[in-house]
Amino acid sequence: MSVPFVSILRTGLANLASVCAAFERLNVGWKVIEVEEEILDSDYLVLPGVGSFGACMEGLEKRALVSPLRERFSVGKPLLSICLGMQLAGQESEESPGSEGLGVVAGPVIRLPDTYSVPQIGWNKVISSPNHRYIRDGYAYFANSYAFGATVVGWDVATFDYGGEYVAAMERGPQLICQFHPELSGEWGETLLKRWLGLGVA
Amino acid sequence: MGRNSFKALARFGGGLMLTTRIIPCLDCRDGRVVKGVQFQNLRDAGNPVELSKAYEKQGADELIILDVSATPEGRGHQVDTVKAVRKRLRIPLTCGGGVRRLEDASRLLDAGADKVSVNTAAVINPLIIDEMAKQFGSQCTILAIDAAWNNDLGSWEVIVRSGTERLPKKATDWAREAQERGCGEILLTSWDRDGTRSGYDLKMLTAIRAVVGIPIIASGGANSPQHMKDAIDVGVDAVLAASIFHDGDYTVDRLKKELRELGGEVRL
């Protein structure tokens with residue numbers, strides 16, 4: 001079996017060190033990419049993201065990366081999107097009213113209720129379903145103030161609870177999008193990445 | 001009842017699945033961990049990489065590495081330390097100590113920190129909080145507040161420059177201001193309790209909880225799982241400890257097991 005090659009898209013000012021380190025630990029090939037062709041051509045595309053929804057979408061538009069990303073989602077090639085990278089897949093976000101997201105996931109991104117501390121920073125329980133290829137129950141590390149409400153359709157959704165039910169992650173074919181940070185979620189997160197890359201774990 | 005008193009109650013009342021983070025803190029000087037660490041089976045207890053991995057293995061939820069080097073030359077090691085730790089660490093890493101400018105924070109994040117804490121520099125120039133939040137996001141931006149009770153002030157005063165300077169500034173006001181500026185988390189250390197092993201300053205934690213809705217990490221004085229449960233009950237999101245782990249009194253997993261028996265929500 002050949003070693004998978006991972007392309008990590010620079011989405012702006014986001015800190016990529018932890019994501020890169022995670023793939024380095026898995027002994028797979030990886031590189032950071034910046035341009036359109038690579039988005040469509042890469043075998044395993046990672047869309048990380050830290051920062052604000054509006055600023056990040058603006059950056060993607062300026063670099064003409066919005067259409068190739070939409071296309072990448074629609075052709076169904078392997079893709080992992082993390083945290084803000086997940087929220088960008090939505091139509092819009094309460095974080096940046098007026099900014100249009102990629103719109104490949106139906107449903108808005110909403111602010112977490114202030115019943116508890118916001119941002120949510122820490123390890124919360126992920127509830128998976130038997131349909132999931134990659135996601136399993138377990139604790140994952142989150143750092144977010146916004147999330148998809150658990151009403152998303154068309155994807156197999158795993159949830160977390162934060163004074164309401166929200167989407168922890170969702171998958172469709174070889175596409176996996178996570179609100180939490182698999183790269184910071186210890187052994188559980190590492191195993192999730194291995195499953196996504198087909199590195200032979202159950 | 002204010003929203004934040006409700007927050008403490010909501011957490012106390014249960015139902016929340018987000019677990020309380022247990023965070024060991026490593027003080028590093030010139031690239032080495034200071035304070036004698038008493039660990040079994042560790043070849044080099046002063047090596048931040050080995051110690052970080054050991055804590056991850058024990059079940060730590062996050063690590064904080066603070067650079068306490070006395071000189072800028074000493075601080076030069078911090079980026080190398082962070083890079084080396086990041087290579088192997090699979091849990092979140094927060095770094096602080098000597099962050100003066102935006103570029104310092106940027107260097108630490110590029111090296112592999114997930115969050116950066118700023119202390120004295122923010123007191124001198126609060127705009128650094130706004131800049132960090134704008135550039136890196138609130139969830140990366142932590143304000144470390146060191147504070148002690150002041151009778152004349154009738155409140156807790158902010159302490160800077162590693163304890164050498166006290167300011168007529170209330171910790172409660174400072175925390176509220178930081179939140180408005182975009183800070184995503186407060187690391188609150190009690191100078192009255194630090195090193196005393198007599199428990200966290202619950203009154204101070206309660207006072208800060210009442211004025212901010214962002215997460216609070218309690219620090220200073222922890223010596224037992226009960227101390228941590230007490231802090232959780234006043235609404236903190238995470239507890240930091242150093243000597244209780246470094247001295248070998250508790251491993252993180254044993255502490256978590258006892259904390260769970262006391263009714264705390266932890267990741268085990």
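In this predicted model, a good place to start is chain B, where helix 4 of chain B passes helix 6 of chain B in a right-handed crossing. From there the briefing turns to the fold of chain A, which comes to 6 helices and 11 strands, then to the contact between the two chains, and ends with a look at Y250(B), a buried residue.

**A helix pair in chain B**

- The two helices in that crossing span residues 102-111 (helix 4 of chain B) and residues 127-136 (helix 6 of chain B), and they pack at an angle of about 35 degrees with their axes 10 Å apart.
- Helix 4 of chain B brings L102(B), A105(B) and L109(B) to the meeting, while helix 6 of chain B brings I128(B), E131(B), M132(B), Q135(B) and F136(B).
- By character, the residues of this helix-helix contact divide into 6 nonpolar, 1 polar and 1 charged.

**Chain A as a whole**

- The secondary structure of chain A is made up of 6 helices and 11 strands.
- With a radius of gyration of 15 Å, close to the 17 Å that the globule rule gives for 202 residues, chain A is as compact as a globular protein of that length.
- Taken along the principal axes, the box filled by the C-alpha atoms of chain A is roughly 45 × 40 × 30 Å.
- Of the 202 residues in chain A, 52% are buried.
- If you look at contacts in chain A with a separation of 6 or more, 64% of them come from residues 24 or more positions apart.

**The seven-stranded sheet of chain A**

- Chain A holds an open sheet of 7 strands in the order 2-1-3-4-11-10-9, and its pairing is mixed.
- The edges belong to strand 2 and strand 9 of chain A; each has a single partner strand, so one side of each is left without a neighbour in the sheet.
- From one strand to the next, the twist averages 20 degrees.
- As a general reminder, strands of a sheet pair through backbone hydrogen bonds, in either a parallel or an antiparallel arrangement.
- Strand 1 (residues 5-9) and strand 2 (residues 29-33) of chain A run parallel and are joined by 5 bridges, with L9(A) standing opposite I33(A) in strand 2 of chain A.
- Strand 1 of chain A also pairs in the parallel sense with strand 3 (residues 44-47) of chain A, over 3 bridges; here I8(A) stands opposite V46(A).
- Further along the sheet, strand 4 (residues 79-82) and strand 11 (residues 175-178) of chain A are parallel too, joined by 4 bridges, and S81(A) has I177(A) as its bridge partner.

**Where chain A meets chain B**

- The contact draws on 31 residues from chain A and 35 residues from chain B.
- On the side of chain A, the elements giving two or more residues are helix 1 (17-25), strand 6 (120-126), strand 7 (138-144), strand 9 (156-161) and helix 6 (186-196).
- Strand 6 of chain A supplies the largest share of that side, 6 residues.
- The residues on the side of chain A that touches chain B divide into 15 nonpolar, 11 polar and 5 charged.

**A closer look at Y250(B)**

- You will find Y250(B) in the loop between helix 10 (243-246) and helix 11 (252-261) of chain B.
- With 21 other C-beta atoms within 10 Å, Y250(B) counts as buried, because the cut-off for that class is 20 or more.
- Leaving aside residues up to four places away in sequence, Y250(B) touches I244(B), F245(B) and L255(B).
- P225(B) lies 25 residues from Y250(B) along the chain, and their C-alpha atoms are separated by 9.3 Å.

Conventions
Residues numbered from 1 in each chain as written. Chains lettered and ligands numbered in written order. Predicted model: local features only at pLDDT ≥ 70, side-chain atom pairs only at ≥ 80, totals over all residues. Axes fitted to C-alpha atoms, helices over the stretch in contact; angles between N-to-C directions. Left-handed = near helix turned anticlockwise from the far one by under 90°. Contact = placed C-beta atoms within 7 Å. Nonpolar A, V, L, I, M, F, W, Y, C, P; charged D, E, K, R; others polar. Pairing = 2+ DSSP bridges. Rg over C-alpha atoms; globule rule 2.2 N^0.38 Å. Buried ≥ 20, exposed ≤ 12 C-beta atoms within 10 Å, placed from the backbone.
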